[in-house]
Protein chains: 2
Amino acid sequence: MPRFKCIVSYDGSGFSGYQVQPNKRTVQCELERVLTDIHKGKKTRVTASGRTDAGVHAVGQVIHFDTDYQIPGEKWPVVLNQKLPNEIVVRHAAQVPETFHARFSVTGKEYRYVIDRGEVPTPFRRHYAVHHPLTLDLDLIREAAQQLIGEHDFTSFSSARTEVLDRVRTIERFDIIERGSEWIFIVKGNGFLYNMVRIMVGTLLDVGYGKFKPSDIRALLEAKDRTLAGKTAPAHGLYLWEVEYSDARRK
Amino acid sequence: MPRFKCIVSYDGSGFSGYQVQPNKRTVQCELERVLTDIHKGKKTRVTASGRTDAGVHAVGQVIHFDTDYQIPGEKWPVVLNQKLPNEIVVRHAAQVPETFHARFSVTGKEYRYVIDRGEVPTPFRRHYAVHHPLTLDLDLIREAAQQLIGEHDFTSFSSARTEVLDRVRTIERFDIIERGSEWIFIVKGNGFLYNMVRIMVGTLLDVGYGKFKPSDIRALLEAKDRTLAGKTAPAHGLYLWEVEYSDARRK
């Protein structure tokens with residue numbers, strides 16, 4: 001059956017995360033409900049690059065599904081967006097080889113985390129950025145972020161509930177940019193453990209507040225102990241920004 | 001009694017507008033409920049620069065209230081924001097002379113209207129910008145906007161339900177700026193009639209789509225007939241951005 005790849009953007013505020021859960025409103029549920037509806041009741045499954053937690057947003061989540069329907073790739077966004085709730089938008093779709101897999105073919109991901117640095121919170125951003133009005137040392141945060149770059153065992157920076165055994169990941173970029181009254185943490189790597197971005201951001205904010213020093217990061221990594229790193233930053237500041245697939249793996 | 005002026009920002013999405021209405025959730029209701037609560041049940045009234053409709057946002061709404069409470073101006077935002085829903089944020093407060101009046105002392109207002117020009121709508125902006133993905137001629141829109149500048153009778157650009165008899169207003173600025181994938185209409189004047197900004201924007205969008213020419217604006221103004229101008233643009237793209245008070249009137 002022909003396989004289609006879609007880039008999907010969603011506002012995570014009203015969802016219990018991406019993945020299907022009984023009696024919960026999730027992004028995957030909505031996508032499968034609409035696709036099944038389009039296929040006249042024939043259950044159509046969707047596979048994503050990975051799940052996102054309740055409240056987490058996506059700008060560039062990637063999914064794939066298989067269909068016999070003779071709809072050209074570029075028409076799928078129109079067909080799907082018509083039936084999807086307006087919190088979910090299919091930005092792009094294209095037919096891909098059947099060897100493409102939204103999860104297994106991933107070669108890298110970029111996440112972004114947004115904090116609102118205004119003296120008072122911006123009401124329009126209350127679901128999209130986390131308010132941090134106090135003094136934060138951006139230079140120290142940047143210095144600490146650089147310590148996370150490279151190949152490390154990220155056990156200290158993943159949820160204690162992580163079931164994956166191999167916790168070695170490579171981070172290739174960790175920048176913090178200022179845009180208006182917001183700071184945007186940009187992190188790119190070959191893979192991320194459960195809660196890893198939120199724990200890294202929580203720890204970097206602790207560095208900014210003076211609770212840790214940039215030089216503590218190395219020791220935190222080496223300790224492989226979740227209890228030593230900072231708190232998990234709230235979900236609503238986090239965005240799955242982009243998912244990368246190498247041409248080699250796509251074939 | 002000492003009078004305090006506050007600059008208030010709010011997300012209009014969840015409110016039936018600014019003004020108190022029986023059995024409706026409004027911004028004024030919330031402000032008065034919180035102030036009355038702070039004053040241990042003594043009903044405390046709030047006066048705003050003007051009302052905003054359901055779904056309309058404010059970045060710089062101005063209100064005043066009178067109180068005997070010995071709280072310095074700069075502490076009021078903290079005290080109020082603690083009790084207000086997070087859709088309403090008091091950005092600034094200061095004591096003002098008792099001759100200051102949030103509505104009668106106004107000398108000018110700035111409104112902004114935001115449209116999302118992305119090919120597909122941005123889900124995070126669905127309550128904050130109106131999606132217009134099709135071709136719009138920005139040069140023609142700008143040319144038409146310039147025709148609205150100056151002193152005119154804006155009857156054609158105000159709701160048929162307008163009860164005010166003097167419909168002459170002066171617009172001093174009407175610019176359209178591009179920011180990322182959004183266009184922001186910026187309009188500043190000495191006063192605005194009911195629905196005036198939304199009807200002007202609706203008409204300018206009609207110019208952009210080719211339904212009107214920039215040179216039609218003058219005839220529309222002269223006709224003094226609401227039925228000839230464009231549709232009232234949706235509420236959720238509109239922001240009361242700033243309210244101006246001259247120093248002379250403030251005293």
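Okay, let's start with residues 7-104 of chain A: that stretch is 20% helix and 26% strand, with its end C-alpha atoms 16 Å apart. Helices here are DSSP runs of H or I with at least four residues, strands are runs of E with at least two, and both are numbered from the N terminus. Residues 144-246 of chain A come out at 25% helix and 31% strand, and their end C-alpha atoms lie 29 Å apart. An unreviewed UniProt entry puts "domain: Pseudouridine synthase I TruA alpha/beta" on both spans; such annotations may be inferred rather than shown by experiment, the feature names are shortened, and the positions follow the numbering used here.

Quick housekeeping. This is a predicted model, so local features need pLDDT of at least 70 and side-chain atom pairs count only at pLDDT 80 or more, while totals for chains, interfaces and linings use all residues. Residues are numbered from 1 along each chain as its sequence is written, chains are lettered from A and ligands numbered from 1 in the order written, and side-chain values use heavy atoms, leaving out hydrogens and water.

Now, the two copies. A turn of 180° and a shift of 0.0 Å along the axis lays chain A on chain B with an RMSD of 0.0 Å, superposing by least squares on C-alpha atoms of residues with pLDDT of at least 70 in both. The copies are thus related as by a two-fold rotation axis. They also meet through the same surface, because 100% of the interface residues of chain A are interface residues in chain B too.

On to A:Tyr111, which the unreviewed UniProt entry marks as "binding site". A:Tyr111 sits in strand 5, residues 106-116 of chain A. Buried or exposed? At 9% relative accessibility, A:Tyr111 is buried; the cut-offs are under 20% for buried, over 50% for exposed and partly exposed in between, with a 1.4 Å probe and protein chains only. Beyond its neighbours within four places in sequence, its contacts (heavy atoms within 4.5 Å) include A:Phe185, A:Val197 and A:Trp241.

Next, A:Asn81, in helix 2 of chain A. A:Asn81 is partly exposed at 22%, and its side chain reaches the backbone nitrogen of A:Val90 at 2.7 Å. Its contacts outside the four-place window include B:Val120, over in the other chain.

Last stop: helix 2 of chain B, residues 76-83. Its buried residues are B:Trp76, B:Pro77 and B:Leu80. They cover an arc of only 90° around the axis, so they sit on the same side of the helix; the arc is taken from the directions from the helix axis to the C-beta atoms. On the other side, B:Val78 and B:Gln82 are exposed.

Methods
A polar contact is a pair of N or O atoms within 3.5 Å; within protein, one must be able to donate a hydrogen and the other to accept it, and residues adjacent in sequence count only if both atoms are side-chain atoms.
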